[in-house]
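Open the model in your viewer and set it to show side chains. The tour below goes from one selection to the next and says what to look for at each stop.

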Amino acid sequence: MQNYHLTKCELEVMNVVWDKGAASVQDVVDSLERPLAYTTVMTTLKILDEKRGAVRKTKQGRAYIYEPAVAREDVRRSMAGELTETLFSGSLKSLVLSLMDPKSVSDADVQELKAAIAELERTQGEQR
């Protein structure tokens with residue numbers, strides 16, 4: 001899997017492209033929660049295309065249409081892996097435990113985590 005390290009701005013733009021499936025610069029500008037200049041979005045999409053390989057563009061009339069070239073989950077896994085390596089010396093356990101503040105974890109969260117772990121155990125058992 002390719003390593004993706006996207007900036008906050010790049011992630012905001014990618015979220016619009018992922019959600020829409022395909023978007024012009026103007027589509028992205030109109031869909032962002034915070035105001036960004038058209039030229040900022042255009043430059044960000046150019047970087048995502050040429051340097052990051054996260055989008056691909058096609059010309060439609062006078063505008064470019066950008067589509068995701070990478071799945072959202074691949075970027076999440078890559079960035080989570082990088083965070084785990086950088087802050088927790090590769091310890092997944094330390095990462096997960098740091099996220100589990102007893103004051104903010106609900107009973108429903110605990111049940112969802114247990115179900116996810118059970119599914120992971122089933123999947124790993126099938127692969128063996």
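Select Thr84 to begin. This is a predicted model, and in it Thr84 has a relative accessible area of 8%. Buried means under 20%, so Thr84 counts as buried. The residue is found in helix H4. Which residues does Thr84 touch, leaving aside its neighbours within four places in sequence? Add Ser89, Gly90, Ser91, Leu92 and Leu95 to the selection; each of these is in contact with Thr84.

**The largest pocket**

Keep Leu92 and Leu95 selected, and add Val96, Leu113 and Ala116. Of the residues that line the largest pocket, these five lie nearest its centre. The lining has 18 residues in total, and the volume of the pocket is about 670 Å³. To see where the lining comes from, colour helix H4 (72-88), helix H5 (92-99) and helix H6 (107-127); each of these elements gives two or more residues to it. Colouring the lining by class gives twelve nonpolar residues, two polar and four charged.

**The second largest pocket**

Now select Ser24, Val25, Gln26, Tyr38, Met42, Lys46, Lys57, Arg62, Ala63, Tyr64 and Tyr66. Together they line the second largest pocket, which holds about 180 Å³ of space. At least two lining residues come from each of H2, helix H3 (38-50) and strand E2 (63-68). How many of the lining residues are nonpolar, polar and charged? Six are nonpolar, two are polar and three are charged.

**Asp27 in helix H2**

Stay with helix H2, which covers residues 25-31, and pick Asp27 within it. Draw a distance from the side chain of Asp27 to the backbone nitrogen of Ser24: the value is 2.9 Å. Ser24 is also one of the residues that line the second largest pocket.

Is Asp27 buried, partly exposed or exposed? Its relative accessible area is 32%, so it is partly exposed. Beyond its neighbours within four places in sequence, Asp27 is in contact with Val16 and Lys20. Next, select Ile65 and draw a line from C-alpha to C-alpha. Asp27 and Ile65 are 9.3 Å apart in space, with their positions 38 residues apart in sequence.

**Salt bridges**

The whole structure has six salt bridges. Three of them are visited here.

Start with Glu12, which lies in helix H1. Show its contacts, not counting residues up to four places away in sequence: Glu12 touches Leu32 and Arg34. The side chain of Arg34 also meets that of Glu12 in a salt bridge, at 2.7 Å from N to O. Arg34 lies in the loop between H2 and H3 while Glu12 is in helix H1, so this pair ties together parts that are 22 residues apart in sequence. How do the two partners differ in exposure? Arg34, at 34% relative accessibility, is partly exposed, whereas Glu12, at 19%, counts as buried. With the limit for buried set at under 20%, the value of 19% puts Glu12 in the buried class.

Move along helix H1 (residues 8-20) to Glu10 and add Arg52. These two form a salt bridge in which the closest N and O atoms are 3.1 Å apart. Arg52 sits in the loop between H3 and strand E1 (55-60), and the pair links distant parts of the chain, 42 residues apart. Glu10 is buried, with a relative accessible area of 5%, whereas Arg52 is partly exposed at 26%.

For the last stop, select Asp19 and Arg72. Their salt bridge has its closest N and O atoms 2.6 Å apart. Why does this pair tie together separate parts of the chain? Asp19 lies in helix H1 and Arg72 in helix H4, so the parts that the pair ties together are 53 residues apart in sequence. Asp19 counts as exposed, at 59% relative accessibility, and Arg72 is partly exposed, with a relative accessible area of 23%. Helix H4 is also where the tour began, with Thr84.

Terms used:
Residues numbered from 1 in each chain as written. Predicted model: local features only at pLDDT ≥ 70, side-chain atom pairs only at ≥ 80, totals over all residues. Heavy atoms only, no water. Helix = DSSP H or I, 4+ residues; strand = E, 2+ residues; numbered from the N terminus. Buried < 20%, exposed > 50% of the residue type's maximum accessible area, 1.4 Å probe, protein only. Contact = heavy atoms within 4.5 Å. Polar contact = N/O pair within 3.5 Å; in protein donor to acceptor, adjacent residues only side chain to side chain. 1 Å grid on protein atoms, 1.4 Å probe; cavity = no way out; pocket = protein on both sides within 12 Å on 5 of 7 lines; lining within 4 Å. Points joined across faces, edges and corners; volume = space filled by probe spheres on them. Nonpolar A, V, L, I, M, F, W, Y, C, P; charged D, E, K, R; others polar. Salt bridge = Lys/Arg side-chain N within 4 Å of Asp/Glu carboxyl O.
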